[in-house]
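Visitor: I would love a close look at one part of this protein, followed by a walk outward into its surroundings. Could you take me through it slowly?

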Amino acid sequence: MSSYIYIDGWKSNIRFSSAHIIPEYEKCGRLHGHTYAVHAKIIGKPDEKGIILDFSILKDALREIVSILDHRVLIPEKSGVVTIERENDSIKLSSLGKTYVFPMNDCVLLPISSTSAEKLAQYILKAFMEKITLPKHTESIEIGVDEGFGQGARMSKTFQE
Ligand SMILES: [Zn+2]
């Protein structure tokens, strides 16, 4: 028997709107934005009180993570094609012949190689695991990031019992 809890970011308002560039792809290589929603699925066994994990703990942790990303330019610090230079209060991005300069406060630097939905899901999964103590009967957790309605990526981590 298997059970899980699920949070739908669109319906639970765990969303963020951000700008990004994916230089490796021509169309995505132009600065543009999305509204993203973050979903979470926790697979495990209910405890003696009958719950896997308190929904509010789950939602609060996700909201804290997305608040860091919301209304900012997402910058992949580990990109192989984006050069990042800090100049006073600005950040200069150079990639494949283009240069952008943004105020530092409008940006968030992320320890990922790309700001694709896949890599954002990976980043959020890691940040989420650092933020909350998972119940001991957790079997796996999955984080989903939708880039607009109807398309998104899912990243999961499974634990050994
Ligand atoms: Zn995009």
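Which residue with a positive phi follows α1?

Guide: Happy to, and please keep in mind that this is a predicted model. The residue you are asking about is histidine 71, which comes after α1 and has a positive phi, near 55°.

Let us step back into the helix itself. Helix α1 covers residues 55-69, 15 residues in total. From its first C-alpha to its last it reaches 22 Å, close to the 21 Å expected at 1.5 Å a residue. Its buried residues are Leu58, Ala61, Leu62, Ile65, Val66 and Leu69. Viewed down the axis of α1, these buried residues fall within an arc of 125°, so they line one face of the helix.

Now for the core around the helix. The largest nonpolar core holds 33 residues, and Val38, Leu58, Leu62, Ile124 and Phe128 are those with the most contacts inside it. Two or more residues come from each of β1 (4-7), β3, α1, β8 (107-110), α2 (117-131) and β9 (138-147). Of these, α2 gives the most, with 8 residues.

Phenylalanine 128 is a good place to see how the helix is met by other parts of the chain. Setting aside residues up to four places away in sequence, phenylalanine 128 touches Leu58, Ala61, Leu62 and Ile65, and its partners also include Ile42, Ile141 and Ile143. Another core lies apart from the largest one; it has 10 residues, among them Val82, Tyr100, Phe102 and Cys107.

Val82 brings us to serine 95, since Val82 is one of the residues in contact with serine 95, along with Pro23 and Val81, once neighbours within four places in sequence are left aside. Serine 95 sits in strand β6 (residues 90-95) and counts as buried, at 13% relative accessibility. Measuring back to our helix, the C-alpha atoms of serine 95 and leucine 62 are separated by 31 Å, with their positions 33 residues apart along the chain.

One last stop is the zinc ion. Its protein donors are the NE2 atoms of His20, His32 and His34, lying 2.0 Å from it. Along the chain, these donors follow the spacing H-x11-H-x1-H. Histidine 20 belongs to strand β2 (residues 15-20) and histidine 32 to strand β3 (residues 32-44), so this pair, 12 residues apart, links distant parts of the chain. Histidine 20 counts as buried because its relative accessibility is 0%, whereas histidine 32 is partly exposed, with a relative accessible area of 23%.

How values were computed: Residues numbered from 1 in each chain as written. Predicted model: local features only at pLDDT ≥ 70, side-chain atom pairs only at ≥ 80, totals over all residues. Heavy atoms only, no water. Donors = N, O, S within 2.8 Å, 3.2 Å for Na, K, Ca; no water. Helix = DSSP H or I, 4+ residues; strand = E, 2+ residues; numbered from the N terminus. Buried < 20%, exposed > 50% of the residue type's maximum accessible area, 1.4 Å probe, protein only. Contact = heavy atoms within 4.5 Å. Expected span 1.5 Å × (residues − 1). Arc of directions from axis to C-beta. Core = buried A, V, L, I, M, F, W, Y, C linked by side-chain atoms within 4.5 Å.
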